Amino acid sequence: MAALAPPVAAIRVAVRRALNGLPSDGPVLVACSGGADSLALAAATAFVAPRLGRSAGLVTVDHGLQAGSAQRAEAVAVWAREVGFAPVVVARVEVAGRPGGPEAAAREARYQALTEAARQHGAVALLTGHTRDDQAETVLLALARGAGPRGLAGMPARRDLAGVPLLRPLLEISREQTRAACAALGLDPWQDPHNTDPSYARSRVRADLLPALVTALGPGVVDNLARTARLVAADNAALDELAVAALAAARCADGGLSVAALAGLMPAVRGRVLHAWARELGALPAALSYRHVNALDALVTGWHGQGPVDLPGGIRVLRRADRLAPVDST
């Protein structure tokens, strides 16, 4: 018997760990574009899931943005059926007309289709093929945006996506390993032209910035960036837990927040409290930024009689003596 290629073994171990961490034994769905990362993930899941007594399906999304996209999606589906995935879903989405740039619009359409497929088939988790390299790119993009700790935490290994647990088993696996695994298994990954299109920020980071950093600082920079995300994520979790307790303690009977309670908090905790409270009031999460939270913070720490703070979604907050309250609060 031929020895198992190390990249194949490493990816199977990563998938096994992810599936073993699920609380129930229901089916899982793998999101697969046909690229090396998701194809290596799908192949590992097809091997591991049955050996754990778990069924696995696959969903591939056709964004309709490139010539031949429908044929590519169908080719992925044919392969998936051959290796035992059930169900196999080809989800066709409409990207045009969605808010944000082309990357954001395609991502929103894709995740909407993935969650709908997961709900329709009762999946207990959705698996995606994001790798350590993707994590490093995400951290660099967050740095460029000035995104703060939440951005620097990168992509979590597990998060809730509209009520569906989303798992990223390959965040400790390199892109080179996924390509090597596909080669070892005789798989022919699809090369997405968007990944080399310089009009996309992530493509420029992938093609130019990250290789330049590796040249200047050594090959360990990718792992170091990914490790930074893990460390910051752990700190964020601790601060978020403190913020939950602090928000409860700062609440007034009318739904406002006590200025005295807020003023006594560490700035990192107070910012999280104000961010969470703004979302509770109805501020649109995608548009709620550092600028808005900083303006709320100024009502606590830099009060000089200023007027209301406008938050996304038409929410207005002002300071009334010793509390913060929405403008329509009595």
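**Notes on the two sheets and the helices around them**

1. Let me start at the C-terminal end: β8 and strand β9 (residues 315–320) pair in the antiparallel sense, with three bridges between them. Within that pairing, V309 stands opposite V317 in β9. Do keep in mind as you read on that this is a predicted model.

2. Zooming out, which sheet do these two strands belong to? They sit in an open sheet of four strands, ordered β7-β10-β9-β8, with antiparallel pairing. The edges are taken by β7 (257–258) and β8 (309–311), each of which pairs on one side only. So much for the strands; there is a helix to look at too. Helix α12 (residues 290–301) lies across β8, β9 and β10 (323–326), and α12 runs at about 150° to β8.

3. While you are in this sheet, have a look at the loop between β9 and β10, where A321 is placed. The phi of A321 is near 55°, a positive value in a residue other than glycine. For context, most residues other than glycine have a negative phi. I'd put A321 on the list of backbone spots to inspect by eye.

4. The other sheet has six strands, again open, in the order β3-β2-β1-β4-β6-β5, and here the pairing is mixed. Which strands sit at its edges? They are β3 (88–92) and β5 (158–161), each pairing on one side only. From one strand to the next, the twist averages 30°.

5. One pairing in the six-stranded sheet that I can give you in detail is the one between strand β4 (residues 125–127) and strand β6 (residues 164–167), which run parallel and are joined by two bridges. L127 has L167 of β6 as its bridge partner.

6. Two helices lie over parts of this mixed sheet. α2 lies across β1 (28–31), β2 (56–62) and β4, and runs at about 155° to β1. Helix α3 (residues 69–82) covers β2 and β3, lying across them at about 170° to β2. β2 is thus named under α2 and under α3.

7. Two backbone details belong with the six-stranded sheet. In the loop between α3 and β3 you'll find P87, and the peptide bond from A86 to P87 is cis, with omega near 0°. Further along, A162 lies in the loop between β5 and β6 and has a positive phi of about 50°, although A162 is not a glycine. As a reminder, most peptide bonds are trans.

8. Now for helix packing. How do α5 and α8 cross? The axes of helix α5 (residues 132–145) and helix α8 (residues 201–217) come within 10 Å and cross at roughly 100°, which makes α5 roughly perpendicular to α8. On the α5 side the contact is made by D133, D134, A136, E137, T138, L140 and L141, and on the α8 side by A201, R202, V205, R206, L209, L210 and L213. By class, that contact has eight nonpolar, one polar and five charged residues.

9. α5 has another partner in helix α9 (residues 220–250): the two pack at an angle of about 70°, with their axes 8 Å apart. Again α5 comes out roughly perpendicular, this time to α9. From α5 the contact draws on R132, D133, Q135, A136, V139 and L140, and from α9 on V222, D223, L225, A226 and A229. The split here is seven nonpolar, one polar and three charged. D133, A136 and L140 of α5 are named both in the contact with α8 and in the contact with α9.

10. Last, the interior. How many cavities of 30 Å³ or more does the structure hold? Just one, and about 50 Å³ of space lies in this largest cavity. Its lining is made up of V8, I11, R12, A40, A43, A44, A181 and L185. Two elements, α1 (6–20) and α2 (36–51), give two or more residues each to that lining. By class, seven of the lining residues are nonpolar, none is polar and one is charged. So if you are clicking through the model, note that α2 contributes to the cavity lining and also lies across β1, β2 and β4.

How values were computed: Residues numbered from 1 in each chain as written. Predicted model: local features only at pLDDT ≥ 70, side-chain atom pairs only at ≥ 80, totals over all residues. Heavy atoms only, no water. Pairing = 2+ DSSP bridges. Contact = heavy atoms within 4.5 Å. Axes fitted to C-alpha atoms, helices over the stretch in contact; angles between N-to-C directions. 1 Å grid on protein atoms, 1.4 Å probe; cavity = no way out; pocket = protein on both sides within 12 Å on 5 of 7 lines; lining within 4 Å. Points joined across faces, edges and corners; volume = space filled by probe spheres on them. Nonpolar A, V, L, I, M, F, W, Y, C, P; charged D, E, K, R; others polar. Parallel < 35°, antiparallel > 145°, perpendicular 65-115°, else oblique.
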